[in-house]
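Here is a short briefing on how a protein meets DNA, and on how some of its aromatic rings sit together. Look at the structure, then work through the points below.

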Amino acid sequence: MFALVDCNNFYASCEEVFNPSLSQFPLIILSNNDGCIIARSKKAKELGIPMGGPAYMYKDRVERGEIRMLSSNFTLYADMSQRVMQTLESYAPRMEIYSIDEAFFELEELSEEELRNEACRMREKVKKWTGIPVSIGIGPTKTIAKMANELAKKRSELGGVSILISKTAIRAQLEVTEPEEIWGIGHALAERLKANRIYTAAQLIDCDDSFIKKLLGVVGYRTVLELRAVPCFSCSQPIEKRKSIICSRSFKKPITNSSDLENVIATFVSRAAEKLRSQQSRAKFISIVIAPSPFIQPYEGRSCHIDLPNPTAYTPELIRLAKEGLKRIYRPQFAYKKAGVLLGDFCDGSVEQMDWITPPTDTPKKRNLMRTIDRINRRYDKTAVQFAAEGLDNHLRSSQTQVSPRFTTSWKDLLTVS
DNA sequence: TCTGGGGTCCTAGGACCC
DNA sequence: TCTGGGGTCCTAGGACCC
């Protein structure tokens, strides 16, 4: 049996924990540069404010006081997520943290009554310890647990817990579930299904196996099996390392000269390399991406892929290669609106595959240097030690206007209770 | 004027090997 | 008219998730 615990309107709920007055209004949370909407409170969803909508379209209603609007505060959300996950960990040993606000559990085969009691206890404990409301869905596969969770959120009379175990209960829910509501079926596949006159999940699972494989591929087929209560996905083991690391941003103002672009690329490399070292990996390739605004046609994004002679996590070497790559793809006549760096093909930091021609990149001395910089930056501030290549004042300086305090991770932002 | 960031997995096609 | 069979590796692109 699987359970999915999902935080309700997570980012909005994090803000409301520390500023309860916000909950009286529809609340929206904005992306980097306050560009578009990435999260909404329940009230905002009820108003029909769409996910991903551009923020400027709602400025009027914010000014009129109808809607509250905040910049995103990922430091706060990440810390609150950790608190929720820690609280949940005490319940079941087989837990998979699936995203910042969701976790799957593998449960023992208990009666429906026992499962319900257990789930209610979990909900209450998370709410009491962290202030975050969660919904819990339980089913024989992850995909059905996900479906149950949606149900728990939609139907308030269920008290935040929904269990789909019996064949009849599952079937009934499949009958009223549209293809795009299924976990694993996105926009494109849903269109494909509709073109084949499949309008509900029930119709989908009744289809012939070979037809499904042809239409949706093996990935979609697995989803269908899961809907038929045949488990295909289990809870993955914790602390799996990332297979790629991306650092990218859109800029408030487009970048029109190469030295500014070099600076931001160096910053991306530095941040990505820090993440790389924190999971004890080294990268075998680095990719650079630069792109003008996607809203100006034709779209002319360019990228370049550089294989490393020796796998490394040494920031200066990665910056040097990134700059070389940038020179290859940079064209002066463009105004760049977005750029990014991707590190990939990792190997374990403790394994040394020597090259008999090229001298090793990562000497013990260089590793010590990186470790020391990481420690300083962790202890004092992310930007305490930076690389000169990043420049002193680059385009990444935040243009967030409405960011809440870091209530749980910064001493000076600690709330005072009177 | 203003439109996010970070991931995973699979597939098709090309190039190569014997 | 008709031209084998069995592989690997890589890349770009597409699909999905939050």
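**Protein, DNA and rings**

Helix H8 gives the largest share of the surface near DNA strand C, with four residues. The model is predicted. DNA strand C has 14 residues around it, and DNA strand B has 21. The structure also holds eleven aromatic pairs.

**Around DNA strand C**

- Which residues come nearest to DNA strand C? They are Glu102, Lys146, Gly184, Gly186 and Leu189.
- Sugar and phosphate make up 100% of the atoms of DNA strand C that come within 4 Å of the protein.
- Glu102 also makes a polar contact: a polar atom of its side chain lies 3.1 Å from a sugar or linking oxygen of DNA strand C.
- Asp101 has a side-chain N or O atom 3.3 Å from a sugar or linking oxygen of DNA strand C.
- For Trp183, a side-chain N or O atom is 3.3 Å from a sugar or linking oxygen of this strand, DNA strand C.
- Two elements give two or more residues to the surface near DNA strand C: strand S5 (95–99) and helix H8 (187–195).
- By class, the residues of this surface near DNA strand C are six nonpolar, four polar and four charged.

**Around DNA strand B**

- Lys243, Ser244, Ile246, Ser248 and Ser250 come nearest to DNA strand B.
- Of the atoms of DNA strand B within 4 Å of the protein, sugar and phosphate account for 71%.
- Which element supplies the largest share of the surface near DNA strand B? Strand S9 does, with seven residues.
- Helix H10 (209–227) and strand S9 (244–255) each supply at least two residues of that surface.
- The side chain of Ser31 has an N or O atom 3.0 Å from a sugar or linking oxygen of DNA strand B.
- Arg222 reaches a phosphate oxygen of DNA strand B, with a side-chain N or O atom at 3.3 Å.
- Lys337 also has a phosphate oxygen of DNA strand B as its partner, 3.1 Å from a polar side-chain atom.
- The surface near DNA strand B has ten nonpolar, six polar and five charged residues.

**Aromatic pairs**

- Two values describe a pair of aromatic rings: the distance of the centres and the angle of the planes.
- Tyr98 and Phe104 have ring centres 5.6 Å apart and planes at 75 degrees, so this pair is edge-to-face.
- Is Tyr98 buried, partly exposed or exposed? Tyr98 counts as partly exposed because its relative accessibility is 38%.
- Phe104, its partner, is at 0% relative accessibility, so Phe104 counts as buried.
- Phe334 and Tyr336 have ring centres 6.1 Å apart. Their planes are at 35 degrees, so the pair is tilted.
- Phe334 counts as buried at 18% relative accessibility, and Tyr336 counts as buried at 1%.
- Phe10, Tyr11, Phe74 and Tyr77 form a cluster linked by ring pairs.

**Charges over rings**

- Which residue lies over the face of Phe104? Lys142 does, at 4.7 Å from the ring centre.
- The ring of Tyr221 has the charged end of Lys213 over it, 4.8 Å from the ring centre.

How values were computed: Residues are numbered from 1 along each chain as its sequence is written. Chains are lettered from A and ligands numbered from 1 in the order in which they are written. This is a predicted model: local features need pLDDT of at least 70, side-chain atom pairs count only at pLDDT 80 or more; totals for chains, interfaces and linings use all residues. Side-chain values use heavy atoms; hydrogens and water are left out. A residue is near a molecule or strand if one of its heavy atoms lies within 4 Å of it. A polar contact is a pair of N or O atoms within 3.5 Å; within protein, one must be able to donate a hydrogen and the other to accept it, and residues adjacent in sequence count only if both atoms are side-chain atoms. Ala, Val, Leu, Ile, Met, Phe, Trp, Tyr, Cys and Pro count as nonpolar, Asp, Glu, Lys and Arg as charged, and the others, Gly among them, as polar. Rings of Phe, Tyr and Trp (its six-membered ring) pair if their centres lie within 6.5 Å; planes under 30 degrees apart count as stacked, over 60 as edge-to-face and the rest as tilted. Buried means under 20% relative accessible area, exposed over 50%, partly exposed in between (1.4 Å probe, protein chains only). A charge sits over a ring if NZ of Lys or CZ of Arg is within 6 Å of the ring centre and within 35 degrees of the ring normal.
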